[in-house]
Amino acid sequence: MIWIYLGHRNQKPFTKSDQGILIILCMIFNIQLLLGWMLYLQSPLVAYFFKEIPNSIKLREVRFFGLEHVTMMSISIVWMNICSFQIKKYIDSKKGFSFLWKRYIWICLFILASIPWSFSPLTSRPNWR
């Protein structure tokens, strides 16, 4: 994110090597999404959510982990992949980093909003167990 901000602030042209870095970052996030989905499908909290959907929707923490967290994270990563494909038209252009900056700010906000922080009103879990 800092790399994108500095490229945007300095109006650096977006190059092929920058695109390579972006693709590697997207692959890392895609692996994280895959691991997250694997854990999601094995979670007893999620199993309870789908077993008792009418009651689970009313429970804040169960709803967060059964529905909101996975939805927001998946949308963020899909949006990140779309941006990494759209950036191809901005190679060797000074608009590339600006394009990414405007979108990645929102993607990061989506991700930060859906992390189960210890201070979040949506969950009552510690950061570390």
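## A conversation about an all-helix model

Biologist: Happy to look at this predicted model with you! In which helix is the place of Val62?

Modeller: Glad to help. Val62 falls within the stretch of residues 60–86. That stretch is helix 5.

Biologist: Does Val62 count as buried or exposed?

Modeller: The cut-off for buried is a relative accessible area under 20%. Val62 has 11% relative accessibility, so Val62 counts as buried.

Biologist: Which residues does Val62 touch, leaving out those up to four places away in sequence?

Modeller: A contact here needs heavy atoms within 4.5 Å. With residues up to four places away in sequence set aside, the partners of Val62 are Leu45, Tyr48, Phe49, Ser56 and Leu67.

Biologist: And Ala47, what distance separates its C-alpha atom from that of Val62?

Modeller: Along the chain, Val62 and Ala47 are 15 residues apart. In space, their C-alpha atoms are separated by 9.9 Å.

Biologist: Let's step back to the whole chain. How many helices and strands are there in the protein?

Modeller: From the N terminus on, the elements run α-α-α-α-α-α. The count is therefore 6 helices and 0 strands.

Biologist: What radius of gyration does the protein have, set against a compact globule of 129 residues?

Modeller: The C-alpha trace spans about 55 × 25 × 25 Å along its principal axes. A compact globule of 129 residues would have a radius of gyration near 14 Å. For this protein the value is 18 Å.

Biologist: Now the interior, please. Which helix gives the most to the largest nonpolar core?

Modeller: That core has 15 residues, and Phe14, Leu22, Met80, Ile87, Leu100, Tyr104 and Ile107 touch the most other members. Helix 2 (16–42), helix 5 and helix 6 (95–113) each supply at least two residues of this core. With 6 residues, the one that gives the most is helix 6.

Biologist: Which residues does Ile87 touch, not counting those up to four places away in sequence?

Modeller: Ile87 is one of the core residues that touch the most other members. Beyond four places in sequence, Ile87 touches Phe14, Leu22, Gly96, Phe99 and Leu100.

Biologist: What share of the protein's accessible surface belongs to carbon and sulfur atoms?

Modeller: Of the 129 residues, 29% count as buried. The accessible surface comes to about 8600 Å². The share of that surface belonging to carbon and sulfur atoms is 69%.

Biologist: One more! How far apart do the centres of the positive and negative side chains lie?

Modeller: There are 15 positive and 5 negative side chains in the protein. The distance between the centres of these two sets is 7 Å.

How values were computed: Residues numbered from 1 in each chain as written. Predicted model: local features only at pLDDT ≥ 70, side-chain atom pairs only at ≥ 80, totals over all residues. Heavy atoms only, no water. Helix = DSSP H or I, 4+ residues; strand = E, 2+ residues; numbered from the N terminus. Buried < 20%, exposed > 50% of the residue type's maximum accessible area, 1.4 Å probe, protein only. Rg over C-alpha atoms; globule rule 2.2 N^0.38 Å. Areas by Shrake-Rupley, 256 points an atom, 1.4 Å probe, with all protein chains shown as cover. Lys, Arg positive; Asp, Glu negative; His and termini not counted. Charge placed at Lys NZ, Arg CZ, Asp CG, Glu CD. Core = buried A, V, L, I, M, F, W, Y, C linked by side-chain atoms within 4.5 Å.
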